[in-house]
Protein chains: 2
Amino acid sequence: MDLESAEPIYIQLQHQIIEGIAKKKLLPGDSLPSVRSLASDIGVNLHTVNKAYKQLKQDGYILIHRQKGVVVNPEGVPKADNSYRELLAKNLRPYIAEAVCRGFTEEEFIQTCKQIYSNFNERGE
Amino acid sequence: MDLESAEPIYIQLQHQIIEGIAKKKLLPGDSLPSVRSLASDIGVNLHTVNKAYKQLKQDGYILIHRQKGVVVNPEGVPKADNSYRELLAKNLRPYIAEAVCRGFTEEEFIQTCKQIYSNFNERGE
DNA sequence: ACATCTGTTATAGTTATAGTATAACAGATG
DNA sequence: CATCTGTTATACTATAACTATAACAGATGT
């Protein structure tokens with residue numbers, strides 16, 4: 001966590017949890033710290049953590065049983081649908097436009113993606 | 001231009017100009033509207049346009065000859081270097097983590113990228 | 001010379017977002 | 001019944017985005 005970053009803390013938190021799920025360090029059913037304990041752990045306010053959890057819940061990454069706490073979605077994360085695909089393409093567009101301008105070829109770009117993918121698919125970590 | 005978007009106007013402007021260069025609708029040496037005329041065209045303040053131009057200049061997309069106005073870099077956009085590659089990977093990471101969680105495979109992801117690339121490489125548009 | 005265009009800078013104000021600080025509520029647990 | 005949970009409400013500060021004017025300095029055209 002970088003509290004000095006331009007990236008909002010609650011966004012960094014979301015990314016970190018999503019990465020944890022992608023890397024299978026967080027498995028379906030695993031429980032996450034309460035908003036209060038996590039907030040105190042990383043030294044931020046309760047609401048900042050709550051904001052991250054709220055969004056993750058909305059996106060189907062986690063479930064929240066009032067008193068039992070926060071749990072990684074036991075059903076797994078909702079599969080990619082059309083609206084996801086559209087949003088992804090919209091988000092990637094500016095990066096690819098910049099790559100084209102800088103002479104960063106399709107092959108190089110794909111190689112970069114593959115390398116990142118491999119970070120998440122390493123088994124037995 | 002979507003003045004209602006959560007995406008800041010000056011960012012949208014940057015993206016649009018970068019896309020123009022990527023699609024070769026804007027060629028090296030082409031001149032762009034003055035900050036004032038562009039601002040009045042899209043109905044925003046002079047400073048909003050200036051902020052976008054400033055960043056584009058910093059990134060080497062455009063040159064600014066005090067009185068001659070704004071011009072697409074005649075030398076072309078600076079080629080991808082290591083710091084660019086690092087930043088790109090850092091930026092792509094969250095999108096790929098999400099894709100992994102949603103069962104969006106590497107092949108599908110790459111297919112998405114290729115399709116976007118093809119939008120920029122279409123000749124004779 | 002002079003008006004006019006250019007990018008640039010400065011100042012000030014508004015609005016929205018991010019984050020903090022408390023407090024309280026409601027359901028579940030021990 | 002105290003304590004933990006997520007949730008909600010309110011209020012405050014700091015910062016970013018945007019707007020509104022105004023002015024400056026260099027170049028151009030008449």
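Me: What makes a pair of residues a polar contact?

Reply: A polar contact is a pair of N or O atoms within 3.5 Å; within protein, one must be able to donate a hydrogen and the other to accept it, and residues adjacent in sequence count only if both atoms are side-chain atoms. By that rule, 12 residue pairs, both at pLDDT 80 or more, are in polar contact across the interface of chain B and chain A. The model is predicted: local features need pLDDT of at least 70, side-chain atom pairs count only at pLDDT 80 or more, and totals for chains, interfaces and linings use all residues. Residues are numbered from 1 along each chain as its sequence is written, chains are lettered from A and ligands numbered from 1 in the order in which they are written, and side-chain values use heavy atoms, with hydrogens and water left out.

Me: Why is the pair A:Arg93 and B:Glu19 called a salt bridge?

Reply: A salt bridge requires a side-chain nitrogen of Lys or Arg within 4 Å of a carboxyl oxygen of Asp or Glu. The closest N and O atoms of A:Arg93 and B:Glu19 are 2.6 Å apart, so the pair qualifies. The rule finds four salt bridges across this interface of chain B and chain A.

Me: What makes A:Thr48 a polar contact of DNA strand C?

Reply: A polar side-chain atom of A:Thr48 lies 2.8 Å from a phosphate oxygen of DNA strand C; the limit is therefore met. A polar side-chain atom of A:His47 lies 3.4 Å from a base oxygen of the strand, and a polar backbone atom of A:Asn45 is 2.9 Å from a phosphate oxygen.
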